Amino acid sequence: MGEQPIYTTRAHVFQIDPSTKKNWVPASKQAVTVSYFYDSTRNSYRIISVDGSKVIINSTITPNMTFTKTSQKFGQWADSRANTVFGLGFASEQQLTKFAEKFQEVKDAAKLAKDKSQEKGDTLSNHSQESGRETPSANQASSINGTDDEKISFSPETAQLKSENERLKSCVEQSNTTAKKYETELQTLKESNARLVDALQESSANVESWKKELTVCQEESETLRKKIGELEAQCKEANQEKQRNAQLTVRVKELEAELQEKEQELENLRRQAEIIPQLMGECESITAKLKVAESKNKELEGRIEGLQMDINDSRQKQGNMKGELKKFMDVLDGKLDELHEFRQGLAKLGVDN
């Protein structure tokens with residue numbers, strides 16, 4: 001029958017970097033077929049994968065091999081004969097699980113086949129030793145008790161025993177060769193195990209360095225969180241400052257409205273002040289009339305007494321009018337001073353804002 005495929009799947013194939021023993025090197029550019037083969041003649045199992053015309057996996061499964069899942073879609077195993085570590089990346093976790101289960105099944109079958117081969121070798125070795133012990137005694141009995149005719153009669157049995165003895169010797173030699181082969185494989189496995197232990201120690205060292213880097217990253221993250229908290233506090237202060245500025249803006253608008261009202265009052269006062277020259281003109285006209293009246297008084301002394309009351313009344317009114325005008329001017333000066341101080345205060349407030 002030869003080798004026959006017993007299970008086939010597809011995966012991305014990787015091999016460990018032989019120089020660093022850490023990084024994975026892609027053995028295929030895309031997902032390729034990975035198959036389990038069973039050789040009925042040798043009673044052995046192999047994992048084979050071919051990319052085009054290139055064989056990228058040719059790994060004979062032994063009982064000492066172990067398939068390890070390193071992630072949800074990636075698994076690996078070490079092949080001491082090929083002196084490398086193979087890695088497979090699957091499209092789904094189910095494919096990885098099925099491949100791992102098949103690996104364990106084939107591994108158990110290989111272990112059972114190895115145990116049967118050892119039992120068969122031990123049986124053949126024991127049988128060879130027993131035949132070696134029985135053959136000399138038979139030959140001795142034939143040489144002591146038998147005649148020539150008897151010797152001739154025992155010759156076929158002796159030849160059969162010799163041929164069986166030779167066959168058993170060849171089986172023993174083959175068993176010894178197999179034992180040496182297994183010893184070589186055991187030594188190779190020990191060396192591979194030592195390399196794997198070194199790789200594991202390096203991985204542990206890498207894990208420690210990663211932990212340190214993680215601690216540094218956590219400290220940096222904590223520092224950034226504190227800075228973010230400080231910035232948030234500054235943002236709150238900025239928001240409060242914006243609120244104060246908004247309040248000041250409202251206050252400035254109120255003051256501007258008051259200023260407009262004051263300016264309106266000032267305009268009214270100015271309009272009232274425009275009447276003062278007219279009143280002064282009237283006062284001058286009255287004064288002129290008084291002078292004319294005085295000049296006429298010399299001529300009309302008789303009318304002086306009658307007009308004296310009018311003159312006194314006019315002078316009194318003029319005095320009252322001048323007093324009111326003076327009071328009005330004082331009030332106007334006060335309003336102008338207040339307006340000037342108000343403008344200075346408003347200008348100072350604008351500069352502070």
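D39 sits across from S44 of strand β4, and that pair is a handy way into this predicted model. The two strands around it, β3 (residues 32–39) and β4 (residues 44–51), pair antiparallel over six bridges. Overall the protein has three helices and eight strands, and going from the N terminus you meet the elements in the order β-β-β-β-β-β-β-β-α-α-α.

**How far to trust the coordinates**

- The average pLDDT for the protein is 79, and 74% of the residues reach at least 70.
- Residues 131–154 are the stretch to watch, with pLDDT below 50. Setting near neighbours in sequence aside, this stretch has seven contacts in the model.
- Where pLDDT is low, don't read the predicted coordinates in detail.

**Whole-chain numbers**

- The protein has 353 residues, and 21% of them count as buried.
- About 25600 Å² is exposed, with carbon and sulfur atoms supplying 51% of that area.
- Take the contacts between residues at least 6 apart in sequence: 57% of them join residues at least 24 apart.

**The β3-β4-β5 run**

- The hairpin of β3 and β4 has four residues between its strands, and N43 there takes a positive phi near 55 degrees.
- On to the next pairing: β4 and strand β5 (residues 54–60) run antiparallel and are joined by six bridges.
- Two of the residue pairs here are D51 with K54 of β5 and I48 opposite N58, also in β5.
- This second hairpin has two residues between β4 and β5, and G52 in the turn shows a positive phi of about 70 degrees.

**What β1 pairs with**

- β1 covers residues 3–16, and eight bridges join it to β3 in an antiparallel arrangement. Within that pairing, Y7 stands opposite Y36 of β3.
- β1 also pairs with β8, antiparallel over four bridges. Here H12 has G89 of β8 as its bridge partner.
- A further partner is β2, again antiparallel, over three bridges. Q15 is matched with V25 of β2 in this case.

**The largest nonpolar core**

- This core has 24 residues, and I47, W77, L88 and F99 have the most contacts inside it.
- β1, β3, β4, β5, β8 (84–89) and α1 (93–145) each put in at least two residues.
- Helix α1 gives the largest share, with six residues.
- I47 makes a good probe of the surroundings. Beyond its neighbours within four places in sequence, I47 touches V34, S35 and Y36, then I57, N58, S59 and I61, and also W77, F99 and F103.

**K69, up close**

- K69 belongs to strand β6 (residues 68–69).
- Is K69 buried or exposed? Neither label fits, because its relative accessible area is 43%, so K69 counts as partly exposed.
- Skipping neighbours within four places in sequence, the contacts of K69 are F74, G75, L96, T97 and A100.
- One of those contacts, T97, also has a polar link to K69: the two side chains make a polar contact at 3.4 Å.
- As for L96, its C-alpha atom is 8.0 Å from that of K69, with their positions 27 residues apart along the chain.

**A31, in a loop**

- A31 lies in the loop between β2 (24–26) and β3.
- With a relative accessible area of 23%, A31 is partly exposed; the cut-off for buried is under 20%, so A31 misses that label.
- Apart from neighbours within four places in sequence, A31 is in contact with R10, A11 and H12.
- The C-alpha atoms of A31 and R10 are 5.9 Å apart, although the two residues are 21 apart along the chain.
- H12, one of the contacts of A31, is the residue whose bridge partner in β8 is G89.

Conventions: Residues are numbered from 1 along each chain as its sequence is written. This is a predicted model: local features need pLDDT of at least 70, side-chain atom pairs count only at pLDDT 80 or more; totals for chains, interfaces and linings use all residues. Side-chain values use heavy atoms; hydrogens and water are left out. Buried means under 20% relative accessible area, exposed over 50%, partly exposed in between (1.4 Å probe, protein chains only). Contact means heavy atoms within 4.5 Å. Accessible areas come from the Shrake-Rupley method with a 1.4 Å probe; for residues, only the protein chains shown count as cover. Two strands pair if DSSP finds at least two bridges between them. A nonpolar core is a set of buried Ala, Val, Leu, Ile, Met, Phe, Trp, Tyr and Cys residues joined through side-chain atoms within 4.5 Å. A polar contact is a pair of N or O atoms within 3.5 Å; within protein, one must be able to donate a hydrogen and the other to accept it, and residues adjacent in sequence count only if both atoms are side-chain atoms. pLDDT is the predictor's confidence in each residue, from 0 to 100.
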